[in-house]
Amino acid sequence: MTVIVYDRKRELMIADSRATSGTSHPIGAKMKIHEITAGKCNGALLGVSTNVPGSGEAFKEWVTEGMSKEAFDPSFSELGALLAKLDNSVYLFSGSHCPSGPLVGDFFAIGSGKEYALGAYKACGDPFRAVEVAIECDPFCGPPIVSKQLRTPDGNQPPMIRRVIRFLRNFGGGTAT
C-alpha cells in the first residue's frame, strides 16, 4: 500500500507514490503527503496510507474541517495517518477518530513498508534511504519518492522570494526540501 515516514529532527515527511486499488492492483502514482491549509491544524503535514481510492483526500478534508466525531466517515477506519503539527508534535490515526499522541520519538513510519523503513532508519539514520529500502522490499511501495518540510526556511521571506523558491523546488523532481 505505502510507506510514509516522519523524521522529527529534520521536520520532514517522506513517502512513496505508488497508488493501488484495493490491496494489490497498482493504479499509478499519487501524493500521500498533504499540507493542512486551514483550521486548528493549519500548517501541519498529514501523511495518509489507505487502500481505498479517494479516502485519503476525504480524510485530509475531515482534518482540515476540525476532525469532528460526527463527521467521521466509517471508511476512515481502514486507513492509517501521521499528523505532524507546527509545534512538531506527532499524532497517529489508526482506525479511530481519536488520534494517539503526541507520540514520543524521533522517527515514525506507517503503511505496508513501515517495518522495512524502521529497520533501514535504525541501520543508517537516513530517512530518504529508509523509504528507498521500503520501496525495494515491499511490492506495494513504489517511486517516485516525495517529501515535504514541516517548516520551510523561506517562511518569513517576502512573497516574491517564496514564489521563486517554490518554483525552483517544484522542478527538482518532487524531492527537494
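**Close-up 1. The buried side of helix H1 in this predicted model.** Helix H1 covers residues 55-64, and its buried residues are Ser-55, Gly-56, Phe-59, Trp-62, Val-63 and Thr-64. What sits over them? The cover includes four strands: E5 (33-35), E6 (45-49), E7 (80-84) and E8 (90-94). Follow the chain just past H1 and you hit Gly-66, which takes a positive phi of about 110°.

**Close-up 2. The second largest pocket and the residues around its centre.** This pocket comes in at a volume of about 190 Å³. It's lined by 14 residues, and the ones closest to its centre are Gly-80, Ser-94, Ile-110, Gly-111 and Lys-114.

**Close-up 3. What the lining of the second largest pocket is made of.** Three strands, E7, E8 and E9 (107-110), each chip in at least two lining residues. Which element gives the largest share? That's E8, with 3 residues. Sorted by residue class, the lining splits into 7 nonpolar, 5 polar and 2 charged. E7 and E8 turn up here as well as in the first view, where both are part of what covers the buried residues of H1.

**Close-up 4. Asp-73, in the loop between H1 and E7.** Asp-73 counts as partly exposed because its relative accessibility is 34%, which falls between the 20% limit for buried and the 50% limit for exposed. Now look across to His-97: the two residues are 24 apart in sequence, and their C-alpha atoms are 8.9 Å apart in space.

Definitions and conventions
Residues are numbered from 1 along each chain as its sequence is written. This is a predicted model: local features need pLDDT of at least 70, side-chain atom pairs count only at pLDDT 80 or more; totals for chains, interfaces and linings use all residues. Side-chain values use heavy atoms; hydrogens and water are left out. Buried means under 20% relative accessible area, exposed over 50%, partly exposed in between (1.4 Å probe, protein chains only). Contact means heavy atoms within 4.5 Å. On a 1 Å grid over the protein atoms alone, a cavity is a set of points where a 1.4 Å probe fits but cannot get out, and a pocket is an open set with protein on both sides within 12 Å along at least five of seven lines; lining residues have an atom within 4 Å of a point. Grid points are joined across faces, edges and corners, and a volume is the space filled by probe spheres set on the points. Ala, Val, Leu, Ile, Met, Phe, Trp, Tyr, Cys and Pro count as nonpolar, Asp, Glu, Lys and Arg as charged, and the others, Gly among them, as polar.
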